[in-house]
Amino acid sequence: MADIIYVYGESPYFNITNKCPCSCVFCIRDKKEVIGEAKEMWHDTQPDFEQVRGAIDAFDWAKYDHAVFCGYGEPTNELELLIKSAKYMKEKYPHVKLRLNTNGLSDLINGKPTARLICENVDAVSVSLNETSSEKYDKITRNIFPGKAFDAMLSFTSDCVKYCDDVRMTVVDVISDEEIAKAKGICESTGARFSVRRFVKEN
């Protein structure tokens, strides 16, 4: 069975699904089979809550005060599992702050507004902005919602800002400095903070 919780850098990560509506040109899962201390990232079958709870119970949380929902898939593709897992973490390990790393397409994936539900159960949200227009975003993310994804992602981020004090948008440094500056302006229009992620090259 694939790792549900793995350590990357100094952080534990939750790998709760491999499903994703995007196939980003820079996605690390197309370049590496595993990252961090994980031994296996690809699930043979979709994990259920019992399996995630078992992984949580088996993990040593004593030296960690934070964790991230971000594996080889988009966590909001399994929204119910994400929420159940976050709630269980909050009940059992309230000292652990939870962050969701997401492509921001949860509303399209789930067919309903989801920001409030998510923000009620995590402490921080990081949304991948990636580009500065719908056309460019579709090209770089190769998502399944062309023409809709970019605006939905911005709307989701703005909603998260209403319900969460720690929301940021990110881009990967594969785009130009000019585009990064434009992305910063777009991010600021949502009320979120902005950061640039370094592209991880294949070893």
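User: Which residues lie nearest the centre of the largest pocket?
Analyst: This is a predicted model. Its largest pocket has a lining of 36 residues. Those nearest the pocket's centre are I28, C70, N101, S128 and R197.

User: How much space lies in the largest pocket?
Analyst: The lining of this pocket comes to 36 residues. The space in the pocket is about 990 Å³.

User: Which helix and which strands each supply at least two residues of the lining of the largest pocket?
Analyst: The strands are strand 1 (5-8), strand 4 (97-102), strand 5 (124-128), strand 6 (167-172) and strand 7 (193-197). Each of them gives at least two lining residues. The helix that does so is helix 5 (134-141).

User: How do the residues of the lining divide into nonpolar, polar and charged?
Analyst: Six residues of the lining are charged. Twelve are polar. The nonpolar residues number 18.

User: Which helix gives the largest share of the largest nonpolar core?
Analyst: The largest nonpolar core has 56 residues. F14, I56, W61, L129 and M153 touch the most other members. The largest share is seven residues, and it comes from helix 2 (residues 79-92).

User: How many residues are in the other core?
Analyst: This core lies apart from the largest one. Among its members are Y6, Y13, I35 and V68. Its residues number seven.

User: Which residues does L129 touch, not counting residues up to four places away in sequence?
Analyst: L129 is one of the residues that touch the most other members of the largest nonpolar core. Its contacts include Y137, F150, M153 and L154. The rest of the list is M169, T170, V171, A183, I186 and C187.

User: Within what arc do the buried residues of helix 1 fall?
Analyst: In helix 1 (residues 49-58), the buried residues are F49, V52, A55 and I56. They line one face of the helix, because, seen down its axis, they fall within an arc of 125°.

User: What do the buried residues of helix 1 pack against?
Analyst: Two strands and a helix take part. The strands are strand 1 and strand 2 (11-14). The helix is helix 2.

User: What is included in the cover over the buried residues of helix 5?
Analyst: The buried residues in helix 5 are Y137, D138, I140 and T141. Their cover includes strand 5 and helix 6.

User: What phi does R142 take just after helix 5?
Analyst: R142 sits in the loop between helix 5 and helix 6. Most residues other than glycine have a negative phi. R142 is not a glycine, yet its phi is positive. The value is about 50°.

User: Is N130 buried or exposed?
Analyst: N130 is in the loop between strand 5 and helix 5. Its phi is positive, about 75°, although it is not a glycine. The cut-off for buried is under 20% relative accessible area. At 4% relative accessibility, N130 is therefore buried.

User: Is I144 buried or exposed?
Analyst: I144 lies in the loop between helix 5 and helix 6 (149-163). I109 is 35 residues from I144 in sequence, with 9.7 Å between their C-alpha atoms. A residue counts as exposed over 50%. I144 has 58% relative accessibility, so it is exposed.

User: How far apart in space are K84 and R53, C-alpha to C-alpha?
Analyst: K84 is in helix 2. It is partly exposed, with a relative accessible area of 39%. In sequence, K84 and R53 are 31 residues apart. In space, the C-alpha atoms are 9.2 Å apart.

User: What separates the C-alpha atoms of C22 and L105?
Analyst: C22 is in the loop between strand 2 and helix 1, and counts as buried at 8% relative accessibility. Beyond four places in sequence, its contacts are R29, N103, L105, T141, R142 and N143. C22 and L105 are 83 residues apart along the chain. Their C-alpha separation is 9.4 Å.

User: At what relative accessibility does Y72 count as buried?
Analyst: Y72 is in the loop between strand 3 (66-69) and helix 2. Beyond four places in sequence, its contacts include N15, I28, V34, I35 and W42. Y72 counts as buried, and its relative accessibility is 1%.

How values were computed. Residues numbered from 1 in each chain as written. Predicted model: local features only at pLDDT ≥ 70, side-chain atom pairs only at ≥ 80, totals over all residues. Heavy atoms only, no water. 1 Å grid on protein atoms, 1.4 Å probe; cavity = no way out; pocket = protein on both sides within 12 Å on 5 of 7 lines; lining within 4 Å. Points joined across faces, edges and corners; volume = space filled by probe spheres on them. Helix = DSSP H or I, 4+ residues; strand = E, 2+ residues; numbered from the N terminus. Nonpolar A, V, L, I, M, F, W, Y, C, P; charged D, E, K, R; others polar. Core = buried A, V, L, I, M, F, W, Y, C linked by side-chain atoms within 4.5 Å. Buried < 20%, exposed > 50% of the residue type's maximum accessible area, 1.4 Å probe, protein only. Contact = heavy atoms within 4.5 Å. Arc of directions from axis to C-beta.
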